[in-house]
Structure formats: C-alpha cells, structure tokens
Amino acid sequence: MKAAVLKALGAPLAVESVPDPVLGTGEVIVDVVATRMLAYAGEVFSGERQYLLELPIVPGPGGVGRVRAVGPDATRLAVGDWVSIDPTVRSRDDTVSPDIILQGLTAGSQAALRLQRHYHDGAFAQQVRVPTENISLIGAIDAADAGRWCALGTLLIPYGGLLAGRLAAGETVLVNGATGAFGSAGVAVGVAMGASVVATGRNEAALADLERRFGNRVRTVKMTGNEEDDRRQMQRAADGPVDCVLDLLPPMAESSWVRAAVLAVRPCGRAILMGGIRDDVALPYAWMMRECIEIRGQWMYPRDATQRMIGLIRSGLIRLEDFAVTEFPLDKVNEAVAHAAGNTGPFKMTVVRP
Ligand SMILES: NC(=O)c1ccc[n+]([C@@H]2O[C@H](COP(=O)([O-])OP(=O)(O)OC[C@H]3O[C@@H](n4cnc5c(N)ncnc54)[C@H](OP(=O)(O)O)[C@@H]3O)[C@@H](O)[C@H]2O)c1
C-alpha cells in the first residue's frame with residue numbers, strides 16, 4: 001500500500017510503498033478514505049513539540065474509512081462498513097489507569113511506548129490497523145462527505161470535557177478560548193447538548209461569527225487580559241450562574257486567563273481543564289473548599305463518546321456542513337501540512353484523502 005512516512009524529524013513526509021498491515025485478533029483493518037491534518041502537525045514532524053514518536057512512522061491520528069478486514073471477536077462490523085477511527089488507544093491490561101497513546105501522533109508517556117510499538121502506524125496510508133474498540137460505525141454516508149466526517153476528531157475533544165463536566169441541558173457553560181479550533185467546536189457541542197454558552201476570546205470577528213452561527217444561545221466576551229474585569233464580563237454575559245467552565249487555552253496564554261474563567265463558576269460548579277497551559281494555575285484553596293468546586297483535567301474522551309457524538313450529528317444537533325474542508329491527495333501530504341498550519345481556526349479543516 002501507499003503511505004506517508006516520517007523518517008527523520010524535520011524531514012518532509014516520504015510517500016512510498018510499504019507492506020500492508022496484517023490483521024490480528026481484536027483488531028480491524030480500515031481502508032482510510034479521509035484523515036484530518038492537525039494545524040500543528042508540522043511542529044510535531046519537526047520535533048518542536050517533542051512528541052514521543054519512534055521513527056520511521058506513518059503518522060496520522062484517526063480518520064474515516066471503510067472496514068477492510070475484521071478479527072474473529074467482532075460481532076457487528078462487516079467489510080465495507082463506514083467507520084470512524086479513534087486514535088486514543090488504551091492498554092488493555094489495566095482498565096483502571098491504562099497507558100494511552102494517540103496512534104499516529106504520540107505515545108503520550110514513556111510507559112506507553114510499548115503500546116506504540118504495536119499500534120505504531122497511523123492513518124496517512126491507504127490502510128490502517130487499529131484495535132476493534134477504536135472503531136465506531138457511522139452508517140451509510142456519501143464518499144464525498146468523508147472529509148467532513150473527520151470533524152469528529154475536533155468535536156470529540158470538547159465533548160470529552162463536557163461529558164467529564166456532566167453538562168446538562170438548561171445549564172450555562174463557559175468556553176474559555178472559544179475562538180480556537182477546539183474551543184469553537186466546544187461552543188457547537190455545548191449548544192447541541194442543550195446548554196447556553198458564554199464564549200470567550202480576543203478576536204472580535206471570530207466572536208461575532210459565533211454569535212451569527214448560534215444566535216441567542218451564545219453570548220460572547222472579548223477578553224482583555226485584566227483578570228478581574230474579564231471575570232466580571234463573563235459573569236455579566238452569563239446572566240445567571242455559570243454551571244461549568246471548559247478551558248481550552250493554548251500554551252501561549254498566561255495562567256491568569258485560565259483563572260479568570262475558572263473563578264467565574266458558581267458555588268458547587270465544575271471546571272474542566274483541557275488546554276495546553278504549561279504554568280501552574282494558582283487557585284484559592286479556601287474558595288474551592290467552601291464552595292465545593294470541582295476542578296478536573298481531561299485528556300481526550302471516553303470510548304463511548306464517538307458513538308454518542310455520531311448520534312448528535314445524525315440527529316441534526318451538530319451540523320457537519322458548518323465545517324469548511326480543504327482536501328489533499330496523499331501524494332500532496334506535505335502541502336496539506338503547510339495548508340493546515342496556515343488555515344487554522346473555527347470550523348476549518350485540512351483533510352488528506354489516501
Ligand atoms: N485535552 C485534550 O484532549 C486536548 C486535545 C487537543 C487539543 N488540546 C489543547 O487545546 C488547546 C487549544 O487548541 P486550538 O487548536 O483550539 O488552539 P487555537 O486555535 O490556537 O485557539 C486558541 C484560543 O486561545 C486564544 N489564545 C491564543 N493565544 C492566546 C494568548 N496568548 N492569550 C490568551 N488567549 C489566547 C485564542 O483567542 P483569539 O484567537 O481570539 O486570539 C483562541 O480562543 C491547545 O493548547 C491544545 O493543546 C487539548
């Protein structure tokens with residue numbers, strides 16, 4: 001089969017013939033039809049992000065495709081089924097605290113490298129071999145829409161956070177960093193889950209676009225960097241208690257921008273931290289204790305989230321048509337890397353079609 005191979009950090013991906021994957025028990029081989037290119041993929045391939053990758057590797061986290069072969073222990077999958085591939089692979093020998101890799105992106109931890117050695121290659125290839133539990137049926141789709149279905153990979157991140165925050169219909173969620181790729185998806189998911197959303201960001205045009213897309217279900221706050229002022233603005237925009245905060249700020253943001261949002265939550269509220277902040281965030285112990293505040297970190301999403309998200313899409317609560325997709329064939333994968341870096345932001349996707 002044809003695949004894009006990363007042979008050395010900093011080198012372009014080489015599109016070449018590699019051996020087809022071989023099926024094992026508990027695994028599925030998928031003919032990859034479309035796979036998303038992350039905005040920061042170039043930083044991963046250059047080594048700048050210091051992701052744990054043993055080279056050479058076929059990168060590519062997740063995607064959409066058709067089942068090519070199934071192991072003997074699957075009961076519902078059939079050859080030809082359209083499926084979504086979840087790159088979040090968990091070790092099977094510790095169900096309480098498994099080691100987790102993102103297949104085709106990073107081992108996540110030294111301990112998880114062993115798992116990455118088996119589920120080594122990702123989806124920038126005509127075929128990919130994945131654990132059966134990482135496959136979700138999406139039902140019949142038009143092949144032309146396969147790229148759009150890759151939005152699952154974006155939507156599932158904030159969905160993981162909102163599930164962890166037990167967001168309920170009728171509640172108010174504050175999405176911090178809502179003008180980003182994942183934050184804007186968080187706004188869409190929050191609305192789909194029945195919540196009112198307070199959306200923060202700095203980019204006024206992006207904030208106005210969120211209001212245009214979601215109407216009065218979303219109120220926006222332009223952040224200034226003054227922690228107290230920003231928090232007051234958020235609480236005013238909520239026009240009532242903030243039940244849940246979802247933070248998705250990137251590494252460049254200062255921790256005070258996170259604190260501005262977290263401290264806006266109501267007594268007995270929940271705050272979910274999913275962003276890339278590197279500095280510690282000082283939170284007042286006495287406030288957390290007396291107000292019974294729940295603070296929780298969340299990486300990725302639980303296994304059943306994909307099927308639930310497919311349900312939200314199938315019901316029309318999430319509209320894949322909202323995503324603008326630019327597609328590249330596998331031969332042009334390096335152009336896709338550059339395009340993704342230069343075209344990030346809300347409701348935009350760069351997709352490779354192997
Ligand atoms: N936990 C997980 O499972 C998981 C999975 C994937 C990604 N992530 C994390 O999600 C984060 C967001 O990713 P993304 O692609 O959505 O990022 P993004 O597109 O760059 O968006 C970042 C958001 O943060 C704001 N922002 C950017 N720089 C800032 C600064 N210096 N100070 C204050 N605000 C700033 C942006 O506001 P404006 O554009 O309005 O200026 C925007 O709202 C990343 O850090 C990534 O690590 C987490």
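This section describes the overall fold, three helix packings, the ligand shell and two backbone features of a predicted model.

The protein contains eleven helices and 17 strands. Its radius of gyration is 20 Å, close to the 20 Å that the globule rule gives for 354 residues, so the protein is as compact as a globular protein of that length. Along the principal axes, the C-alpha atoms fill a box of roughly 60 × 40 × 40 Å.

Two packed helices are described by the angle between their axes and the distance between the axes. Helix 4 takes part in two of the packings described here, one with helix 10 and one with helix 5. Helix 4 spans residues 152-164, and helix 10 spans residues 305-314. Their axes come within 10 Å and cross at roughly 110 degrees. Helix 4 is therefore roughly perpendicular to helix 10. On the helix 4 side, the contact involves Leu152, Leu155, Leu156, Tyr159, Gly160 and Leu163. Helix 10 contributes Ala305, Thr306 and Met309. Seven residues of this contact are nonpolar and two are polar. No charged residue takes part in the contact of helix 4 with helix 10.

Helix 5 covers residues 181-192. The axes of helix 4 and helix 5 come within 8 Å, with a crossing angle of roughly 65 degrees. This crossing is right-handed. Helix 4 supplies Thr154, Leu155, Ile157, Pro158, Tyr159 and Leu162. Facing them in the contact are Ala181, Phe182, Ala185, Gly186, Ala188, Val189 and Gly190 of helix 5. By class, ten of these residues are nonpolar, three are polar and none is charged. Leu155 and Tyr159 of helix 4 thus appear in the contact with helix 10 and also in the contact with helix 5.

A further packing involves helix 7 (residues 227-238) and helix 8 (residues 255-262). Their axes lie 8 Å apart, at an angle of about 35 degrees. Helix 7 crosses helix 8 in the right-handed sense. Glu227, Asp230, Arg231 and Met234 form the helix 7 side of the contact. The helix 8 side consists of Ser256, Arg259, Ala260 and Ala261. Here four residues are charged, three are nonpolar and one is polar.

The ligand is surrounded by 27 residues. Gly180, Gly201, Arg202, Asn203 and Gly276 are the closest. Helix 5, which also packs against helix 4, gives the most to this shell, with three residues. The shell divides into 16 nonpolar, ten polar and one charged residues.

Two backbone features fall in the loop between helix 1 and strand 4, one at proline 56 and one at glutamine 50. Helix 1 comprises residues 41-46, and strand 4 comprises residues 63-70. The peptide bond from leucine 55 to proline 56 is cis, with omega near -5 degrees. Glutamine 50 has a phi near 55 degrees, a positive value in a residue other than glycine.

Definitions and conventions:
Residues are numbered from 1 along each chain as its sequence is written. This is a predicted model: local features need pLDDT of at least 70, side-chain atom pairs count only at pLDDT 80 or more; totals for chains, interfaces and linings use all residues. Axes are lines fitted to C-alpha atoms, for helices over the stretch in contact, and angles run from 0 to 180 degrees between N-to-C directions. Helices (H or I, at least four residues) and strands (E, at least two) are DSSP runs, numbered from the N terminus. Angles under 35 degrees count as roughly parallel, over 145 as roughly antiparallel, 65 to 115 as roughly perpendicular and the rest as oblique. Two residues are in contact if their C-beta atoms, placed from the backbone, lie within 7 Å. Ala, Val, Leu, Ile, Met, Phe, Trp, Tyr, Cys and Pro count as nonpolar, Asp, Glu, Lys and Arg as charged, and the others, Gly among them, as polar. A crossing is left-handed if the near helix is turned anticlockwise from the far one by less than a right angle, and right-handed if clockwise. A residue is near a molecule or strand if its C-beta atom, placed from the backbone, lies within 6 Å of it. The radius of gyration is taken over C-alpha atoms; the globule rule is 2.2 Å times the number of residues to the power 0.38.
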